[in-house]
Amino acid sequence: MTIERMGVIGGGLMGSGIAEVNARAGLDVVLVEISGEAAHAARGRIEGSLRKAEQRGKITADDLTAALERIHPTSDLGALADRQLVVEAASENEQVKLDLFTKVGAILDDDEAILASNTSSIPIVKLGAVSGRAGHVMGVHFFNPAPVMKLVELIPSLTTSPETLDRMRSYVTESLGKRPIDATDRAGFIVNSLLVPYLLSAIRMYEAGYASAEDIDQGMVLGCGHPMGPLALSDLIGLDTIQAIGESMYEEFKEPLYSPPPLLDRMVDAGLLGKKSGHGFYPYSS
Ligand code: CAA
Ligand code: NAD
């Protein structure tokens, strides 16, 4: 059965991008945020991204209007009841996600509805355990910016049914036109297991006064052909999110290379979260 009605929880960087991707693919999207104001802000982010896509000739003005009309922002979790799929993209905080999976697992009307998490590092099996529908819970990890990045990691847990994985594979490839890869339910999955130690190493290098932020980033852009350097990429991802991912990976493997360096902790404490807060390793205008 094709998924036509989906929901997204959290309308920050990733949730707004995931809602946009689904609406552009023709799905009806309920987008739940913590307040009416936050839901309104999420809609504004999506509209801004759609306008950028229109200006670049990726979509027409009619596509833009149609996609926006398919998105229903709200602060009411109950609006998810009739959804066939819900993708949770709230902040990278285990307690927040456990609470959402407990509530939303009980809200969904359809026993076959799938409850997925876009988490970067929190164990999927724990989210399934509190949901009351563990067979229908798995990880579906989109990449930032979701409207541009082709990859999606599919992460079944020990309790995910094979049918749920099959349905999500079809949804990602056929409905969204993205490229899935299969990962195991271990903190960091495939991409962040490789990426996060690299980003944390760049932050340590900067913290040690080894080189300027600009030179570290230019080194990787001009020397290795990366689209952006590690400190600019950290700002794009969000420093609070990198800190949380590093903590989950350290908790899982106890490898020092995953442990967030003190400078990252201090920047998060100071509210320097990167592009989303207007300042991280670099300043950003709104
Ligand atoms: N909608 C549709 N297309 C868009 C778009 C939008 N909102 N914004 C940009 N694009 C398209 C552009 O049209 C362009 O497409 P073409 O090449 O076909 O013309 C392409 O995206 C790139 O555009 P620009 O070079 O102008 O890019 P930009 O400055 O707007 O954005 C970037 C650049 C895509 C972010 C690029 O710098 C990049 O790829 N950076 C690396 C991002 C990355 O590594 N992401 C992974 C983060 S890790 C993660 O996500 C996992 C986790 O758990 C933390
Ligand atoms: P973000 O800080 O930009 O947004 C998180 C949003 O969740 C906020 O708008 C917040 O109001 C909302 N939220 C928090 N609690 C909520 C609740 N109970 N109900 C509804 N909404 C709630 O974070 P983000 O970067 O979008 O990350 C979201 C998830 O996606 C995290 O699990 C993160 O690890 C993952 N992820 C992030 C990236 C990235 O590059 N930032 C990439 C892939 C995956």
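**Note on the ligand 2 site and three backbone features**

1. In this predicted model, the shell around ligand 2 draws on both domains, with at least three residues coming from each of domain 1 (5–182) and domain 2 (193–277). A reader new to the structure may therefore wish to begin with this shell, since residues of domain 1 and of domain 2 both take part in it.

2. In total, 24 residues surround ligand 2, and the closest of them are Met14, Glu33, Glu92, Ser120 and Ile237. Sorted by class, this shell holds 11 nonpolar residues, 9 polar residues and 4 charged residues.

3. Which secondary-structure elements each supply at least two residues of the shell around ligand 2? They are helix H1 (13–24), helix H4 (94–107) and strand E6 (137–142), and among the contributions to the shell the largest share, 3 residues, is that of H4.

4. Several oxygen-directed contacts can be followed in the model, beginning with Glu33, where a polar side-chain atom lies 2.5 Å from an oxygen atom of ligand 2. At Leu13 the contact is made by the backbone, with an N or O atom placed 3.0 Å from an oxygen atom of the ligand, whereas at Asn144 an N or O atom in the side chain is 3.0 Å from an oxygen atom of ligand 2. Taken on its own, ligand 2 has 830 Å² of accessible area, and the protein covers 87% of that area.

5. Asn144 deserves a second look, for besides its side-chain contact with ligand 2 this residue is joined to Pro145 by a peptide bond that is cis, with omega near 0°. Pro145 itself lies in the loop between E6 and strand E7 (151–156), and E6 is one of the elements that supply at least two residues of the shell around ligand 2.

6. Phe189 is not a glycine, and yet its phi is positive, at about 50°; this residue is found in the loop between strand E8 (179–182) and helix H7 (191–207). Is Phe189 buried or exposed? Its relative accessibility is 7%, and because buried means under 20%, Phe189 counts as buried.

7. Lys254 likewise has a positive phi, of about 55°, although it is not a glycine. Its place in the chain is the loop between helix H10 (239–253) and helix H11 (262–269), and a reader checking the backbone can look there for Lys254, just as Phe189 can be sought in the loop between E8 and H7.

How values were computed
Residues numbered from 1 in each chain as written. Chains lettered and ligands numbered in written order. Predicted model: local features only at pLDDT ≥ 70, side-chain atom pairs only at ≥ 80, totals over all residues. Heavy atoms only, no water. Near = heavy atom within 4 Å. Polar contact = N/O pair within 3.5 Å; in protein donor to acceptor, adjacent residues only side chain to side chain. Areas by Shrake-Rupley, 256 points an atom, 1.4 Å probe, with all protein chains shown as cover. Helix = DSSP H or I, 4+ residues; strand = E, 2+ residues; numbered from the N terminus. Nonpolar A, V, L, I, M, F, W, Y, C, P; charged D, E, K, R; others polar. Buried < 20%, exposed > 50% of the residue type's maximum accessible area, 1.4 Å probe, protein only.
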